[in-house]
Each structure stands twice: as C-alpha cells, then as structure tokens.
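Student: Please take a close look at a single part of this model, beginning with one loop residue whose backbone deserves attention. I would then like the account to be carried on to the packing of helices elsewhere in the chain.

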Amino acid sequence: MNIVYHETSKTFHLYNDRISYIMTIMRNGHLGQLYFGKQIRDREDYSYFLETCGRPMSSNVYDDDRTFSLEHLRQEYPVFGTTDYRQCAVEIRQENGSRISDFQYKSYKIMDGKPGLAGLPATYTQEDTEARTLIVILEDDVTKVQVELFYTIFAQGGVMTRSVRFYHGGEKPVLLTRAMSLCLDLPDCDYVWQQLSGCWARECHIKTRSLEPGIQSIGSMRGNSSHEHNPFLVLKRRTTDERQGEAIGISLIYSGNFRIQAEVDAHDTLRVLAGIDPETFEWKLSCGGEFQTPEVVMVYTDWGLNHMSQTFHKLYQKRLARGCWRERARPILINNWEATYFDFTQERLLEIAAKAKECGVELFVLDDGWFGERSSDRAGLGDWKANQKRLPDGISGLADRIEALGMKFGLWFEPEMVNKDSDFYRQHPDWIMSTPNRSQSHGRYQYVLDFSRKEVVDAVYEQMARILIHAKISYIKWDMNRSITECYSKAWPADQQGEIYHRYILGVYDLYERLTSEFPNVLFESCASGGGRFDPGMLYYAPQGWISDDSDAIERLKIQYGTSMCYPISSMGTHVSAVPNHQLGRMTPLHTRANVAYFGTFGYELDLNRLTPEETEEVKKQIIFMKKYRKMLQFGTFYRLQSPFEGNQTAWMTVSDDQKTALVGFYRVLNCVNGCFTRLRLLGLNPVYCYRNVVDGSCHYGDELMYAGLITSDETAGEMISGQGMNTDFESRIYVLEVTES
C-alpha cells in the first residue's frame with residue numbers, strides 16, 4: 001500500500017497489491033482521472049493516459065488550442081459550464097447569480113490511517129498501517145471556496161473510499177447547490193449496470209441493464225434511502241459472473257436522499273456520480289463555513305461478483321460496524337409483533353417468553369404498543385412511557401421478569417415520529433415537519449419530527465435514555481415507518497430550507513451516536529418498515545437491520561440474495577414467522593423457514609405456544625443447530641451459487657475461516673417430476689481437504705465438490721411417490737460439510 005506523487009509529471013498514484021488509482025494535475029490546474037483498476041507497477045509518467053484531440057463542435061479552454069476541451073477529458077471533480085457539458089460534481093451559486101467555478105490545484109498532503117468525518121458515519125481504521133489517505137486541495141480564486149478531496153486506500157483488498165470537504169474562505173456567502181461525494185470517469189462504457197431495487201416487502205431485488213448513451217440513475221427524494229432503491233451500484237463486464245471477471249462496486253454511506261448515476265457520452269466514455277441528491281439539496285456557506293459530504297466506498301475486483309461482495313462484507317463487518325457487537329454472534333430472539341400485534345397483556349407476553357425460553361431462545365423483544373395510549377397506529381407515538389394498563393409493572397418490571405426467566409429483554413422504539421393524538425404533540429405541535437399555510441400529509445397516521453432541531457433530538461433522547469437507564473434492556477429495535485413530506489423547518493431561515501433534509505439525517509445520526517455511546521452494551525437493530533433505510537450509514541450505529549417486513553421464506557430468498565451483494569450476513573435480520581404468512585398467505589414448511597433464516601441473525605416472529613408438539617421439537621432442534629453454527633454463518637465467507645432471479649432453485653453457502661466447515665443452503669420453489677439430475681458446484685473449499693457430508697455420510701475432497709459438484713438430485717429426477725422424500729413445493733436442505741480426521 002502506498003501513495004506516491006511524481007513531481008515531474010504531476011501525477012498521483014495510489015496502489016496496493018490489488019488496485020491502482022492514478023490521477024494528474026492538468027494544464028488548467030484541474031485534476032484529471034487517468035486510471036482505476038487492477039494494480040499496475042508505479043512509474044514516473046502516465047501522461048499518455050490523458051488523451052486529447054480536436055473534436056468538432058467542442059468548446060475549448062485556451063485561445064490557441066483546439067484540443068483541450070473539458071468535454072472530452074476524464075476528471076476527478078468536474079464543474080459545469082466551462083467547456084464540460086456533462087453532469088457535474090459540484091455547483092455553487094454566487095451572489096451575482098453565477099454558477100461558474102474554477103477549482104484549481106493548490107496543494108496535497110498524505111497521512112497514515114484514515115480521518116473521521118464530522119457528524120457522519122464512515123469506515124475507519126484501528127491502526128495507521130491499515131490505510132493511507134491522500135487529501136488534494138483545490139481552490140476557486142474568485143469565491144475563495146476550497147475543496148478538499150479525500151482518497152483513502154486500504155492495505156488489504158481492492159478498497160478505496162472517497163469524500164469531499166468544502167471550506168469557504170471568502171467574504172460573501174455562497175450557496176452550494178450540488179456537492180457529490182464521487183465522480184469516477186471511466187474510458188469506456190462496456191459495462192452492465194446492476195442495482196438493488198423494489199418496494200416495501202420486496203426490497204433489494206437485483207435489476208440489470210446495459211449502459212446506453214444518456215443518463216440513468218437510482219436515488220431517493222423521500223428523506224430516507226428508501227425501499228425503492230438501495231444506495232449501491234455494480235458495474236460489471238458483460239462476461240463477469242459470480243465466479244470470475246471484472247466488477248466495480250460503489251456504495252454510499254448515507255441514509256438520506258441520494259443519487260447514483262451513470263452518464264454515457266457520444267464517444268462512449270462513462271461518468272459515474274454518487275452523493276446527496278442535488279434536487280433536494282442546498283447548503284449556505286458563509287465566511288468560515290464548512291460542509292462535509294458523505295463517504296463513498298469503491299471496490300474493484302477481477303475475481304467475480306462473489307469476491308466483490310466478500311470485500312464489502314469484511315470491510316463493513318470490521319471497519320464500519322462498531323462496538324462490542326461488531327464481531328459477536330447475535331442472540332436468537334423472539335419478537336411478539338406478528339404473534340400479538342397491539343393485542344397483548346403483560347401476562348400474554350410472559351407466556352410467549354416462557355415458551356421461547358423452553359425452546360432455547362435467548363432474547364425476548366417487545367415490539368410496538370407498549371407506550372402511551374397506543375392501542376392502534378393512530379395514537380401514542382412520541383409518549384415513550386409504559387402503558388400501565390397493559391404493563392402494570394412498567395418496562396423495568398417486565399424486563400426484570402424476562403431476565404428472571406433466563407432471557408435478555410429488548411424493546412421497540414420509533415423515535416423520529418409522532419401521532420397528533422399524543423401528549424408529546426399536544427405539548428409541541430410546532431415540532432413536526434410542515435410547511436406554513438400548507439396541508440400536512442400523514443403516513444400511517446404519523447408525522448415526522450423535525451430532527452434538524454437540536455431541542456427536538458434532545459427531548460427524544462431524554463425519554464429514551466430514561467428508559468434505558470432504569471430498565472434492563474439489551475436490545476433496541478429502532479423503526480422509521482414513513483418518508484418525509486412537507487420538508488420545512490420553522491427553526492431555520494428561508495435561505496437555509498434546502499439544508500433540512502440533510503440536517504434531519506444529521507440529527508438521526510446524532511441521536512444514534514449519543515445512545516450507542518452512553519449504552520455501549522445494547523445491541524441496536526435498525527428498521528424502516530423493513531428495508532426502507534437499510535444502508536451503510538445505519539450499519540455504523542446498528543450492526544444489524546430488519547431487511548424487510550416480508551417474512552415469507554420464499555420471498556426472502558430474493559431479498560437476502562440481493563442484499564448480500566453489498567451487505568454482510570451478520571447485518572441481516574432474519575426470522576421464522578407463522579403460516580399462513582402474514583404478508584402473502586403462503587404455507588411454507590417450518591424447516592424451509594428456518595433454512596432461509598439461518599443465513600442472517602435468526603429469530604422467531606410468532607407465538608411458539610401455538611405450535612404442535614412435533615413443531616415445538618423441530619424448533620428446539622433449529623435453535624440447537626443455529627447456536628452451534630451461528631458464528632460461522634454470520635461471519636464466515638459467504639458465496640452465492642444459484643440465483644433466485646434466474647430459475648426455480650436458489651443456493652448459497654458459508655465457509656469457515658479455516659475452511660474446515662461449510663454450510664450449503666439449497667432451496668427449490670416449485671416441485672417437479674421426472675426432472676433432471678442436478679449437482680451444485682461449490683466454492684471456497686480447500687481442494688485437498690476431505691469433507692464429510694453430514695446429511696448422508698458421504699465423503700468427498702474439496703476439489704470434487706468445487707469442480708464436479710455436490711449431488712443434489714433426489715426423487716424429483718424420476719417418478720414421485722406420495723409420502724416419500726421431498727415431494728412438496730417450497731422445499732429446502734442444509735448440507736453440512738465438515739473435514740474428516742483423515
């Protein structure tokens with residue numbers, strides 16, 4: 001790992017044993033992009049990468065030179081309107097109305113390690129030897145605005161991070177109207193675009209398309225990163241698959257409005273921009289004012305999509321998530337929501353908890369309905385005090401009784417929202433997001449608190465902290481069940497209303513930071529009606545998240561498969577729920593529900609008292625299995641094998657760090673008869689180890705299992721006989737492979 005500046009050629013080269021990133025100071029003082037990809041040896045001069053030529057209808061920077069046009073040059077942080085007609089990374093509106101800037105190189109500095117970002121989540125290092133950081137300083141001489149471009153290259157893997165800091169050294173205020181975190185100009189557009197998109201209950205489906213001339217993008221203007229589009233993009237070569245080939249992954253560590261876009265110009269070069277959505281953003285920079293953009297993580301690989309994902313997994317597990325739960329196996333929990341909804345009493349909860357304890361569950365979570373006058377979704381949000389009619393012993397008393405059973409206790413909050421039918425709203429009706437003289441939209445009968453205001457965040461913090469101080473709470477489920485409308489804050493002047501979306505997210509981060517710092521042993525799980533805010537920004541504070549309100553095992557195959565493109569298995573909240581499933585009425589075998597949920601944090605979302613004796617015994621065996629293998633399942637190396645988006649079967653696997661144990665999940669959605677013989681080529685095994693298949697006792701070397709394949713054929717390859725074997729829809733198997741003594 002190194003960062004080199006070549007004075008003669010004015011070239012920067014950042015590299016490790018996997019990647020190189022090269023840029024140069026161009027003739028006009030702007031920073032030009034030369035190369036990003038597989039590591040190449042360092043040399044003094046890479047100027048031949050900067051290609052110029054005179055092209056018809058171009059505008060040119062210099063009077064005597066028709067070859068130097070920014071329209072055709074790859075740049076690091078481009079501006080609009082000075083011969084570049086593509087989408088820009090930065091735009092500043094000045095007092096005279098001009099939006100033209102000219103950011104020229106001033107200086108640079110190199111430091112060991114990685115600096116934090118004020119008020120924002122970001123990856124980090126624990127030792128200075130883990131990464132090096134380059135900061136390139138540019139300045140516009142007219143406005144005196146400085147731009148600091150941050151580049152961090154990690155010692156291990158094809159990982160780089162990017163962010164930008166603005167500092168205004170001029171006398172007159174300016175308005176920052178666009179401040180992207182990343183611009184990546186690539187020399188060709190021969191990539192396939194992959195995104196994670198969907199909506200509530202079907203989040204993170206993989207969508208694939210070819211790049212064509214023009215602009216395509218994903219993003220959110222909802223105030224949260226959204227169910228619709230995850231802040232993540234893959235650019236892969238046409239021949240790249242899970243096992244081989246080039247890919248670039250781009251992940252934005254941010255939980256609010258965002259945009260990631262690709263622009264292909266008329267000459268088939270590609271510009272990628274990522275950062276805060278510019279349509280909903282403005283930031284006033286007064287003299288001495290600063291602004292920090294969120295961080296973008298870039299991963300390059302030439303070893304296929306699995307390798308790209310594993311790089312993200314390892315980084316986000318170990319250098320994004322923080323605290324004592326960062327690398328600890330997660331407790332097996334039971335959540336009462338789908339068991340009771342709002343219809344519960346203290347005794348009913350204790351009955352559910354007692355049965356769960358009998359089955360081996362470790363954590364009981366009380367979901368919505370425990371506070372204020374909360375008997376439906378129309379009242380009570382904002383009043384974070386126990387409903388004494390339901391919980392006569394209060395939260396602390398219930399927590400004590402759960403602990404007396406030998407379990408830990410967890411609690412649900414939705415701190416960013418309020419119902420109008422609540423004491424909190426009646427005391428502070430001006431604390432919600434609303435625009436003067438306009439109607440107020442609700443979502444699920446709730447309104448968004450104005451977290452851009454410190455006094456609002458303080459008031460919510462005081463309520464939550466009071467409960468956490470006085471009750472034995474080990475886990476918090478933090479929900480957020482609607483997007484922002486009427487985004488306006490009564491606390492800020494007119495010329496700063498464009499800041500409110502971002503200031504809201506900063507308020508959320510501030511509350512998370514205060515609570516996780518003061519209560520470091522509490523396990524936080526983020527939620528936003530499932531996957532409405534499942535993003536890297538949340539993982540910085542909450543090492544796991546509820547990825548979808550859809551708990552159906554078959555639907556979860558696509559959701560979990562897609563989510564794994566970027567996010568580690570340890571971050572995915574996965575539960576076994578009741579049947580018929582509450583989201584779509586599907587009847588799925590109990591073992592399949594568990595076989596899907598094993599590849600995540602694992603828990604139950606039902607009343608175990610309602611199971612048959614046979615089902616109860618099956619649950620006990622599931623919990624024993626999960627306790628035995630959960631460390632490996634959550635923190636081993638995960639591989640995708642067969643995609644649910646491409647056929648009737650899904651398969652994935654996890655391998656232990658020492659390669660001595662592997663668990664393979666195999667899932668078939670619909671049954672078939674007189675079908676094909678099937679086998680599954682595994683990944684990540686040691687070719688010389690002999691693995692025993694615990695399912696049937698057979699032994700095979702790693703090279704056999706990876707190159708010839710694991711036999712998955714069953715009676716569906718012939719004549720199905722009723723009552724024998726796997727002869728229903730929604731079937732699944734877990735193959736346990738363990739190295740034999742010999």
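Tutor: Residue F602 is found in the loop between helix α10 (residues 590-597) and strand β31 (residues 603-605). The model is predicted, so that local features need pLDDT of at least 70 and side-chain atom pairs count only at pLDDT 80 or more, whereas totals for chains, interfaces and linings use all residues. Residues are numbered from 1 along each chain as its sequence is written, and side-chain values use heavy atoms, with hydrogens and water left out. Helices (DSSP runs of H or I, at least four residues) and strands (E, at least two) are numbered from the N terminus.

The phi angle of F602 is near 70 degrees, a positive value in a residue other than glycine. Another backbone feature is found at P580, in the loop that runs between strand β30 (residues 575-577) and helix α10. There, the peptide bond from V579 to P580 is cis, and its omega is near -5 degrees. Most residues other than glycine have a negative phi, and most peptide bonds are trans. Helix α10 thus links the two places: the loop holding P580 leads from β30 to α10, and the loop holding F602 lies between α10 and β31.

From these loops one may turn to the packing of helices. Helix α6, residues 454-470, packs against helix α7, residues 500-518, at an angle of about 25 degrees, and their axes are 11 Å apart. That angle makes α6 roughly parallel to α7 (under 35 degrees counts as roughly parallel). Axes here are lines fitted to C-alpha atoms over the stretch in contact, and angles run from 0 to 180 degrees between N-to-C directions. The crossing of α6 and α7 is right-handed (the near helix is turned clockwise from the far one by less than a right angle).

On the side of α6, the residues that meet α7 are V457, D458, V460, Y461, M464, A465, L468 and I469. Their counterparts in α7 are G507, D510, L511, R514, L515 and E518, where contact means heavy atoms within 4.5 Å. Sorted by class, this contact of α6 with α7 has nine nonpolar, one polar and four charged residues (Ala, Val, Leu, Ile, Met, Phe, Trp, Tyr, Cys and Pro count as nonpolar, Asp, Glu, Lys and Arg as charged, and the others, Gly among them, as polar).

A further pair of helices is formed by α3, residues 346-359, and α4, residues 394-404. These two pack at an angle of about 25 degrees, with 10 Å between their axes. That makes α3, too, roughly parallel to its partner, α4. Helix α3 passes α4 in a right-handed crossing. In this pair, Q346, E347, L349, L350 and A353 are the residues of α3 that meet L398, R401 and I402 in α4. The contact of α3 with α4 divides into five nonpolar residues, one polar residue and two charged residues.

To draw the account together, the loop residue F602 has a positive phi, and the bond from V579 to P580 is cis. Among the helices, α6 is roughly parallel to α7, and α3 is roughly parallel to α4.

How values were computed:
Parallel < 35°, antiparallel > 145°, perpendicular 65-115°, else oblique.
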